[in-house]
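Got a minute to walk through a fold together? Here is the chain, and after it come some questions with worked answers.

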Amino acid sequence: LYKQECEEKIILRNNRLQQQIEFIIEIDKLKQVYRQSILMDGTRRENDAEHSWHLALMSILLEEYSQEKIDLLRVVKMVLIHDLVEIDAGDTYCYEGTPYKEKLEREKKAADRLFSILPPDQMEELQALWEEFEKRATPEARFAAALDRLQPLLHNYKTKGESWKKHGVTSDKVIERNKSIIEASKTLWDYAETIIKDSIKKGYLPA
């Protein structure tokens with residue numbers, strides 16, 4: 001009986017590990033989802049995995065500018081998983097005008113499928129973090145979302161507005177898209193506003 005119980009525990013552990021490995025293999029697809037942001041050296045478009053990695057490092061480096069006390073590990077987890085849904089839903093360019101409800105429904109369906117690959121406890125944790133990010137109702141979610149706005153702004157600034165120009169984006173749209181940064185950090189919003197103004201001045205962004 002003891003031997004049978006031990007074997008059952010090993011099988012359960014292996015099943016858990018197998019689910020985790022399957023998820024790890026599945027999310028490799030994120031490396032093939034390309035965004036509209038151009039790499040800062042101007043060579044090619046950025047993929048979602050690179051974007052998420054960049055945000056994770058930004059959250060570590062810029063934590064001190066959050067206006068509210070935050071759980072840094074929670075923010076890092078959030079930014080690393082926030083775009084996994086785009087494996088199924090694809091990247092939605094933030095300035096293309098897709099209705100939010102339509103985008104959310106598509107991404108919610110993707111979240112349900114992807115996170116269900118995991119063991120139940122990890123599925124619940126990651127899905128809850130993804131939903132928290134979408135709602136921006138906590139200090140961590142607001143800070144993560146602020147970084148998600150700031151990073152592509154930096155890309156556009158360093159590439160002289162290449163993506164903005166390609167899609168005919170104007171300054172009012174950029175301001176509207178990014179002004180929510182102030183909800184998490186006035187310092188980061190002041191910096192973003194400086195970039196926007198300088199982009200207009202230099203002709204990267206039509207006024």
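**Questions on a predicted model**

Q: Is Ile181 buried or exposed?
A: This is a predicted model, so the value is computed from predicted coordinates. Ile181 has 0% relative accessibility. Buried means under 20%, so Ile181 counts as buried.

Q: Where does Ile181 lie, and which residues is Ile181 in contact with, leaving aside neighbours within four places in sequence?
A: Ile181 lies in the loop between α9 (171-178) and α10. With the sequence neighbours set aside, the contact list of Ile181 reads Ala146, Arg149, Leu150, Leu188, Trp189 and Ala192.

Q: How many Å apart in space are Ile181 and Ala111, C-alpha to C-alpha?
A: Along the sequence, Ile181 and Ala111 are 70 residues apart. In space, their C-alpha atoms are separated by 25 Å.

Q: Which residues of the largest nonpolar core touch the most other members?
A: This core has 46 residues. At least two residues come from each of α2 (48-62), α3, α5 (100-115), α6, α7 (139-158) and α10 (186-201). The members that touch the most others are Phe115, Phe143, Leu150, Leu153 and Val174.

Q: Which helix gives the most to this core?
A: Several helices supply at least two residues each, among them α2, α5 and α10. The top contribution is eight residues, and the helix that gives them is α7.

Q: Which residues does Leu150 touch, not counting those up to four places away in sequence?
A: Leu150 is one of the core residues that touch the most other members. Ile181, the loop residue from above, is among its contacts. The full set for Leu150 is Met58, Leu62, Asn178, Ile181, Leu188, Tyr191 and Ala192.

Q: What is the relation between the directions of α3 and α6?
A: The axes of α3 (residues 72-81) and α6 (residues 120-135) come within 9 Å and cross at roughly 85 degrees. Angles of 65 to 115 degrees count as roughly perpendicular. That is why α3 and α6 are described as roughly perpendicular.

Q: How do the residues of the contact of α3 with α6 divide into nonpolar, polar and charged?
A: From α3 come Arg74, Lys77, Met78 and Ile81, and from α6 come Glu125, Leu126, Leu129, Trp130, Glu132 and Phe133. Sorted by type, they are six nonpolar, no polar and four charged.

Q: Is Gln127 buried or exposed, and which residues does Gln127 touch beyond those up to four places away in sequence?
A: Gln127 sits in helix α6. Its relative accessible area is 12%, so Gln127 is buried. Not counting residues up to four places away, Gln127 touches Lys108, Ala111, Asp112 and Phe115.

Q: What is the geometry of the aromatic pair of Tyr157 and Tyr204?
A: A search of the whole structure turns up two aromatic pairs. In the pair of Tyr157 and Tyr204, the centres are 6.1 Å apart, with 65 degrees between the planes. Planes over 60 degrees apart count as edge-to-face, and this pair is edge-to-face.

Q: How many residues apart are Tyr157 and Tyr204?
A: Tyr157 belongs to helix α7, while Tyr204 is in the segment after α10. At 22%, Tyr157 is partly exposed, whereas Tyr204 counts as buried at 13%. The pair links distant parts of the chain, 47 residues apart.

Q: What is the phi of Arg136, and what is the phi of Lys160?
A: Most residues other than glycine have a negative phi. Arg136, in the loop between α6 and α7, and Lys160, in the loop between α7 and α8 (162-167), both go the other way. Arg136 is partly exposed at 26%, and Lys160 is exposed at 51%. Phi is about 50 degrees for Arg136 and near 60 degrees for Lys160.

Q: Which residues is Gln36 in contact with, leaving aside neighbours within four places in sequence?
A: Gln36 lies in strand β1 (residues 34-38). With 17% relative accessibility, Gln36 counts as buried. Its contacts, sequence neighbours aside, are Arg45, Asp91, Tyr93, Ser163, Lys166 and His167.

Methods
Residues numbered from 1 in each chain as written. Predicted model: local features only at pLDDT ≥ 70, side-chain atom pairs only at ≥ 80, totals over all residues. Heavy atoms only, no water. Axes fitted to C-alpha atoms, helices over the stretch in contact; angles between N-to-C directions. Parallel < 35°, antiparallel > 145°, perpendicular 65-115°, else oblique. Contact = heavy atoms within 4.5 Å. Nonpolar A, V, L, I, M, F, W, Y, C, P; charged D, E, K, R; others polar. Core = buried A, V, L, I, M, F, W, Y, C linked by side-chain atoms within 4.5 Å. Buried < 20%, exposed > 50% of the residue type's maximum accessible area, 1.4 Å probe, protein only. Phe/Tyr/Trp six-rings, centres within 6.5 Å; stacked < 30°, edge-to-face > 60°.
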